[in-house]
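I opened this notebook to record what I looked up in one structure. The entries follow the order in which I turned from one site to the next.

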Amino acid sequence: MKKTYFLPDYGIFPNTDEDCSEKLQRLFDIVEDGSVIQFKTGSYNIFNIVYLRGKKNIRIIGNKSHIISNYDPCGPKENSNNIFHFIDCTELEIQGIFID
């Protein structure tokens with residue numbers, strides 16, 4: 001049976017206006033292969049890049065969540081302007097996340 005990581009169980013709550021980048025990164029660091037990461041419906045502020053590295057068979061279920069980024073369309077490319085970086089991951093599925 002797949003392990004499910006429900007964000008509120010890790011102190012990551014929607015609609016708080018706080019930057020949840022660090023908490024989400026800590027969660028992504030401990031996720032086991034073959035798991036599900038499940039957001040609670042709502043808005044999440046992510047102002048720094050969050051990395052998922054070397055994972056296999058991960059499902060990220062957004063439940064119609066809205067990700068608010070610190071994206072600057074006029075900003076320099078070296079500042080990245082990204083939210084998530086998936087590095088060396090295979091069989092990754094993402095659903096139900098809206099990014100602004």
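**Entry 1: Tyr 5**

I began with the side chain of Tyr 5, one polar atom of which lies 3.1 Å from the backbone nitrogen of Glu 32. I note here that the model is a predicted one. I then looked up where Tyr 5 sits, and found it in strand 1, which covers residues 4-6. Is Tyr 5 buried or exposed? Its relative accessible area is 1%, under the 20% limit, so I entered Tyr 5 as buried.

I next listed what Tyr 5 touches, leaving out residues up to four places away in sequence. The list holds Tyr 10, Leu 27, Ile 30, Val 31, Glu 32, Ser 35, Val 36, Ile 37 and Gln 38. For one of these, Ser 35, I also looked up the separation: Tyr 5 and Ser 35 are 30 residues apart in sequence, with 7.5 Å from C-alpha to C-alpha.

**Entry 2: Lys 55**

I turned to Lys 55, which is placed in the loop between strand 4 (50-53) and strand 5 (56-69). Which side chain of opposite charge is nearest to Lys 55? I found Asp 33, at 5.0 Å. A salt bridge requires a distance within 4 Å, so Lys 55 has none, although Lys 55 is buried.

I then looked for a polar partner of the Lys 55 side chain. A polar atom of that side chain lies 2.6 Å from the backbone oxygen of Val 31. Setting aside neighbours within four places in sequence, I recorded contacts of Lys 55 with Phe 28, Asp 29, Val 31 and Asp 33, and also with Asp 88, Cys 89 and Thr 90.

**Entry 3: Aromatic pairs**

How many aromatic pairs does the structure hold? I counted four. One of them joins Phe 28 and Phe 84, with 6.1 Å centre to centre and 20° between the planes, and it is stacked. This pair links distant parts of the chain, 56 residues apart: Phe 28 belongs to helix 1 (residues 21-30) and Phe 84 to strand 6 (residues 84-87).

I checked the accessibility of both rings' residues. Phe 28 has a relative accessible area of 1% and is buried. Phe 84 stands at 17%, and because the limit for buried is under 20%, I entered Phe 84 as buried too.

Another pair is formed by Phe 39 and Tyr 44, edge-to-face, with 5.1 Å centre to centre and 85° between the planes. Phe 39 and Tyr 44 are both buried. I also noted a cluster in which ring pairs link Phe 28, Phe 84 and Phe 86.

**Entry 4: Cysteines**

I searched for disulfides and found zero. I looked up two cysteines individually. Cys 20 is buried, with a relative accessible area of 4%. Cys 89, listed above among the contacts of Lys 55, has 21% and is therefore partly exposed, since buried means under 20%.

**Entry 5: The whole chain**

I closed with the chain as a whole. It contains one helix and seven strands, and along the sequence they follow the pattern β-α-β-β-β-β-β-β. Of the 100 residues in the chain, 34% are buried. What share of the contacts between residues at least 6 apart in sequence joins residues at least 24 apart? I entered 71%.

Technical notes: Residues are numbered from 1 along each chain as its sequence is written. This is a predicted model: local features need pLDDT of at least 70, side-chain atom pairs count only at pLDDT 80 or more; totals for chains, interfaces and linings use all residues. Side-chain values use heavy atoms; hydrogens and water are left out. Helices (H or I, at least four residues) and strands (E, at least two) are DSSP runs, numbered from the N terminus. Buried means under 20% relative accessible area, exposed over 50%, partly exposed in between (1.4 Å probe, protein chains only). Lys and Arg count as positive and Asp and Glu as negative; His and the chain ends are not counted. A polar contact is a pair of N or O atoms within 3.5 Å; within protein, one must be able to donate a hydrogen and the other to accept it, and residues adjacent in sequence count only if both atoms are side-chain atoms. Contact means heavy atoms within 4.5 Å. Rings of Phe, Tyr and Trp (its six-membered ring) pair if their centres lie within 6.5 Å; planes under 30 degrees apart count as stacked, over 60 as edge-to-face and the rest as tilted. A disulfide is a pair of cysteine sulfur atoms within 2.5 Å.
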